[in-house]
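Student: I would like to go through this structure by question and answer. Please show it and start with the terms.

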Amino acid sequence: MTPLRPAIAELSFVVAGEPLAVVPLAERRVDWPGGGFRLAITADGHTLHWQNRDITIAEAITARPLAAPLLMLPVRGERRGRLTISDAIHYQIGLQVEVLDADVYAQVHDELVVDGLRRGLLHRFEPHQRIALTPLALVIVEQVPGGLSVSAFHTFPEELSIVKTQSLIEPPQRG
């Protein structure tokens, strides 16, 4: 049986400059100039890992503490972060925890399943109860001019909540 997720209050969004050891429940490689990203859905959330000769970037939603993250945001409310890594990569993040009423939550949950079956990496967790909605994780990676956009949606039926993240990873603008 697939492990269940931790509560939202236990999670942090982190960007690290080193690879993160995770157990993937679903994974995919995403091509990008200069190397590919390894995308994984984990019991906590998701990870995204990229490395070239000089730079390592690892993004994660995780409940595990990290020794020295480059950026760490508690998963609460709405947050924004910005980071430049080795003067070579600009990293922007937006994070939001959305609490919905039961009917709206069920509708959004179903829309995410449909969208995940068409694109992105989708994983359905086992529900706590047989007839409950299934917690899920959906991560969509899209190339945008000059960078990469990563949108993640993590549902928490017991909390009627959806954790949404949007990352933009881009090389610095040359002027």
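Tutor: Strands (E, at least two residues) and helices (H or I, at least four) are DSSP runs, numbered from the N terminus. This is a predicted model, in which local features need pLDDT of at least 70 and side-chain atom pairs count only at pLDDT 80 or more, while totals for chains, interfaces and linings use all residues. Residues are numbered from 1 along each chain as its sequence is written, and side-chain values use heavy atoms, with hydrogens and water left out.

Student: Which element gives the most to the lining of the largest pocket?

Tutor: A pocket is an open set of points on a 1 Å grid over the protein atoms alone, where a 1.4 Å probe fits, with protein on both sides within 12 Å along at least five of seven lines; lining residues have an atom within 4 Å of a point. The elements that give two or more residues to this lining are β4 and β5 (56–62). The largest contribution, 3 residues, comes from β5.

Student: Which residues that line the largest pocket are the closest to its centre?

Tutor: The lining has 18 residues. The closest to the centre are Leu20, Ala21, Val22, Thr62 and Arg64.

Student: Is Thr42 buried or exposed?

Tutor: Thr42 lies in the loop between β3 (35–41) and β4 (46–51). Leaving aside residues up to four places away in sequence, Thr42 touches Val22, Val23, Leu25, Thr47, Ile61 and Phe125, where contact means heavy atoms within 4.5 Å. Buried means under 20% relative accessible area, exposed over 50%, and partly exposed in between (1.4 Å probe, protein chains only). At a relative accessible area of 7%, Thr42 is buried.

Student: Which strands stand at the edges of the open sheet of 6 strands?

Tutor: Two strands pair if DSSP finds at least two bridges between them. The order is β7-β8-β12-β11-β10-β9, with antiparallel pairing. One side of each edge strand is left without a neighbour in the sheet, because each has a single partner strand; these are β7 (78–85) and β9 (121–124).

Student: Which residue in β8 stands opposite Thr84?

Tutor: β7 and β8 (residues 89–99) pair in the antiparallel sense over 8 bridges. Opposite Thr84 stands His90.

Student: What is the relative accessible area of Gln143?

Tutor: Gln143 lies in strand β10. Its C-alpha atom is separated by 31 Å from that of Ala9, 134 residues apart along the chain. Gln143 is exposed, with a relative accessible area of 52%.
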